[in-house]
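Trainee: I would like to learn how to read aromatic pairs and the faces of a helix from coordinates. Could we work through an example together?

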Amino acid sequence: MYSIQGGKTLQQILKLFYLSGIWQSNEESKYRRISKRLFYTFFAAFCPSFFATNSFLCADRNEMIFSTQAVILASVIYVKSLYLLFKKPEILAFLYDPIVVHSIETREEYERMSKKIKKFMTFVRPYFLAICLTAASLIIIELPIFSADKGLPFFISFTWNDSEVVYWLAYLFLSLSTVLYCVINFSNAIIWYIMLNYSVEYQLLGNRLRNLGVTIAKNQNKNEKEKKIGKPELKQKTINSVPQSKKFVENLIVLVKAHRNMTETIEQFRSCFSTLFLAQITTSGITICVSVYNLAFSSNENILQTEFYVVELLYGVFDIFLVMYLANGITDASDQLSYCLFESNWIEQTESCKKYVLIMGEALKQPLELVVLIYPMNLETFMTIINRAYSMFNILKSFQ
C-alpha cells in the first residue's frame, strides 16, 4: 500500500499558520488561544473597514470605485480568516482524511497520481509568490523615502486626512493587514489540495471498479498453469478457495461502501465551506469587472499601478476559476464510475451477481455535483460569472 502525504509546500503553509499565531497549539493555555483569536478577528476587520471609509471620503471617482472593489475583496478574505481561526479542527480533519491521503495498491498508480498532484503544487508556488511580491511592492513603494505625496499602499491618496499621526497609523495598520491577508490567502492552497485529491480518489475508485473480476481471473489462470507444470499447492488460503462470483460480490460491496463514505465526506466538505464558496461566487464578478475598469480607465502614468491592477485581475479570475475547475473535476471523475464498473469482468459472473452490478451501475450514473445554494460549482458557472462581469463592465462604462 502506498499513501500520498501533503508535500513540503503544504507543510510550510501549516507551519506558517502556527508561527503567525493564527493557529494555536494545544500546549497553549485556553485564555491565550482565545485572546489570539479575538485579536486576529478584530485586526483582520480593519482592512475592509478602512477601504469602506475611503470610498466615502475620497474625492477621486476612480479611487472610490477601486475602494469599493477592495471592500468586497477584503471581505471575502476576512471570511477566509474566520475559517482559519475557528475551523482549524475541521480543516485538519479534511486534510488528513484517509480519502485525501489515499491508499494506493500499485506502484504505477502511486507514481501517476503523485505526478498529477506535484504538477498542481508546482503551479501553486509561483502563484502565491507573485501575490507576496506584489504585496511587498505595494508597501515599499509608498514609503515617504520613495514617495512625496504621502499616499498609502494600494495607491490610496489619503487626501482627506490632515493629521501626520493618523497617516502613520493608517500606513502601519494597512501594511500589517496586507501581510496578514497574504498569509490568510495561503489557505486557498489547502482547499485546492483537498478538492484535487477528491477527484484523484474518484479516479482510483474507478480503477478498482474496472479491475473487478479481472484480478481474480488472472490469479485463477496462474494457479491452473502452476498445477500443469507440477508446482506444489500453496499452504495458505488462495483465491480458488472462494467462488469467483462470491469474491466479485465481496469486492463490489467494499467499493460500494468506499463510494458511500467518499460521497458523505465530500458533502461534509461542501457544507463546511459553503459560506466561503457562496461569497466567492457572488462577489467574483464584481471584482473582475472593476479590475478591468481600472485597467481601461485609470491613469497609465504609473506603471506599478497598472501592474497592480493586472495582478488584481488575475487574482480575481484564478480565485474563482480554480475552485470551479476542481469542483468540475470531482463531478467529471464521479461521472466516469459507472463506465468503469461496466468495463469490469462482470459479464462472466452469475445472474445474481449481474443484478448487483446493474443496480450499482444505475446508482453511479448520477454524478456527484457540488451545489452552493442555487449555484452548481462547475465551469459553466464560471463562464456565467465572466459574462456577468462583462455586463457590469458595460454598465459601469456607460457612466464614464
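Trainee: Are Tyr198 and Phe269 buried or exposed?

Mentor: In this predicted model, both Tyr198 and Phe269 are buried. Planes over 60 degrees apart count as edge-to-face, and the rings of Tyr198 and Phe269, with 5.5 Å centre to centre and 80 degrees between the planes, form such an aromatic pair. Because Tyr198 lies in helix α9 (residues 187–210) and Phe269 in helix α11 (residues 244–272), the pair ties together parts that are 71 residues apart in sequence.

Trainee: How many aromatic pairs does the structure hold?

Mentor: The structure holds 39 aromatic pairs. One of them joins Tyr18 and Trp23, whose ring centres are 5.7 Å apart and whose planes meet at 70 degrees, so this pair is edge-to-face. Tyr18 is partly exposed, at 34% relative accessible area, whereas Trp23, at 1%, counts as buried.

Trainee: Which residues of α16 are buried, and where do they lie around the axis?

Mentor: The general idea is to ask how wide an arc the buried positions span around the helix axis. In α16 the buried residues are Thr381, Phe382, Ile385, Ala389, Phe393 and Leu396; they cover an arc of only 130 degrees, which means that they lie on the same side of α16. On the other side, Glu380, Tyr390, Ile395 and Ser398 are exposed.

Trainee: What do the buried residues of α16 pack against?

Mentor: They pack against α4 (61–86), α12 (274–297), α13 (303–335) and β2 (375–376). At the start of α16, moreover, a side-chain oxygen of Asn378 reaches to within 3.2 Å of the backbone nitrogen of Glu380.

Technical notes:
Residues are numbered from 1 along each chain as its sequence is written. Side-chain values use heavy atoms; hydrogens and water are left out. Buried means under 20% relative accessible area, exposed over 50%, partly exposed in between (1.4 Å probe, protein chains only). Helices (H or I, at least four residues) and strands (E, at least two) are DSSP runs, numbered from the N terminus. Contact means heavy atoms within 4.5 Å. A polar contact is a pair of N or O atoms within 3.5 Å; within protein, one must be able to donate a hydrogen and the other to accept it, and residues adjacent in sequence count only if both atoms are side-chain atoms. Rings of Phe, Tyr and Trp (its six-membered ring) pair if their centres lie within 6.5 Å; planes under 30 degrees apart count as stacked, over 60 as edge-to-face and the rest as tilted.
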